[in-house]
Amino acid sequence: MVGFVIVSHSEKLAEGVTDLTKMMAEDVPIAAAGGLPEGGFGTSFERIFDAVNSVYSDDGVIILMDMGSAVMTAEMVIEAMDGMKVVMADCPLVEGAVTATCDADSGMSLEEIMEDLSEVASQKKF
Amino acid sequence: MVNQDKVLEIMVKIGEKIEEDKLFLTELDNVIGDGDHGINMARGFGDFISKVPDLQGKDIGAILKAAGMSLTMKVGGASGPLYGTAYLQAGKTAGDKTEIGIEDFIQILEAAIEGVKMRGKAVTGEKTMLDAMVPALDAIKEEYDASKDAKKALEAGLAAAKEGVEYTKTIIATKGRASYLGERSIGHQDPGATSFTEMLQVICENV
């Protein structure tokens, strides 16, 4: 099954989004990588790296993140994981995480989930 | 020419300068960003300085790459991947050299700038560190072509970087956290352009 990493500047936000996905997709491997190891807001290369490894399988890992350094640091982690199947998705964090984990739970591949995620940004809430 | 020992010494001095000015840089970032620039950069350079004993006698590429790794791993804000990539690219360009001159420095700075552009998907005029880096590089090249004087070239670069910082006060941020402020970002200088200018100042004062 595809695994997921939620990257945020906020540790609480990353954990909150991770918890939220459990409501509908309890068995999907997902790890939070939020905040800095020494506390405070920020994105940590080591936390993201370790989180990807903790949910990694041959099916791959999709990283979802908030903005700025979360995007750039995730990008650097992916570059450091040469040869591993790790990608990042450009989509709203909460809606994307719920959509993607439900997709994974239903057995969709990384490629199929990425396709689905590309449409999440254009979905209207009302 | 500047040898590897001098490069290491300058890198440590850059780290000390950032540590000294961390509250100032953070204050600049408080106004238009998320208020972590100075403290984050100081944490990254602090990690680099702790590795200095292992870097004695290493080639210039290894020294710059070590700085890039420390900044990537320890900063935690956007300046981490940006300066991290800049120093990693600079290190790749310096390679196994144990001595560099102004022409090498120009190539190293060019590589650093390309790294920032690639990582940040940014160009000049967006109120970022590039608004100090790019004019500095251009001025260094221009002055060196004209006078063949390395010291003068670096000084011209520093003057251009300072002008670049002033220029960032006049424009709207369209990249990074400051872009959320739109027009409210006008009137404030960019923290990244400022920290780059501080780095170049340390280089100027020490070669």
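**Notes on a predicted two-chain model: helix 1 of chain B and the sheet of chain A**

1. A good place to start is chain B, where the buried residues of helix 1 pack against strand 1 (2-3), helix 2 (22-32), helix 3 (37-50), helix 4 (52-55), helix 5 (60-74) and helix 10 (191-206) of the same chain. Please keep in mind as you read that this is a predicted model.

2. Which residues of helix 1 of chain B are buried? They are B:Gln4, B:Val7, B:Leu8, B:Met11, B:Ile14, B:Gly15 and B:Ile18. These residues span an arc of only 115° around the axis, and therefore sit on the same side of helix 1 of chain B. Turn to the other side of this helix and you will find B:Asp5 and B:Glu20, which are exposed.

3. As for its dimensions, helix 1 of chain B runs over residues 4-20, 17 residues in total. From first C-alpha to last, this helix reaches 24 Å, close to the 24 Å expected at 1.5 Å a residue.

4. Staying in chain B, have a look at B:Ala111, which is part of helix 7 (residues 102-120). B:Ala111 counts as buried because it has 20 C-beta neighbours inside 10 Å, and 20 is the number from which a residue is called buried. Leaving aside residues up to four places away in sequence, B:Ala111 touches B:Gln89, B:Ala90, B:Lys92 and B:Thr93. B:Asp96, for its part, is 15 residues from B:Ala111 in sequence and 16 Å from it in space, C-alpha to C-alpha.

5. Now to chain A, where four strands make up an open sheet with parallel pairing, in the order 2-1-3-4. Strand 2 (30-34) and strand 4 (86-89) of chain A are the edges; each has a single partner strand, so one side of each is left without a neighbour in the sheet. On average, neighbouring strands of this sheet are turned by 25° against each other, direction ignored.

6. Within the sheet, strand 1 (residues 3-8) and strand 3 (residues 61-65) of chain A run parallel and are joined by five bridges. If you would like a pair to find on screen, A:Val7 stands opposite A:Met65 of strand 3.

7. Which helices pack on this sheet? Helix 4 (residues 93-105) of chain A does, touching strand 1, strand 2, strand 3 and strand 4, and its direction makes about 160° with that of strand 3. Helix 5 (residues 110-117) of chain A also packs on the sheet, where it touches strand 3 and strand 4. The direction of helix 5 makes about 15° with that of strand 4 of chain A.

How values were computed:
Residues are numbered from 1 along each chain as its sequence is written. Chains are lettered from A and ligands numbered from 1 in the order in which they are written. This is a predicted model: local features need pLDDT of at least 70, side-chain atom pairs count only at pLDDT 80 or more; totals for chains, interfaces and linings use all residues. Two strands pair if DSSP finds at least two bridges between them. Axes are lines fitted to C-alpha atoms, for helices over the stretch in contact, and angles run from 0 to 180 degrees between N-to-C directions. Two residues are in contact if their C-beta atoms, placed from the backbone, lie within 7 Å. The expected span of a helix is 1.5 Å times one less than its number of residues. A residue is buried if 20 or more other C-beta atoms lie within 10 Å of its own, exposed if 12 or fewer, and partly exposed in between; C-beta atoms are placed from the backbone. The arc is that of the directions from the helix axis to the C-beta atoms.
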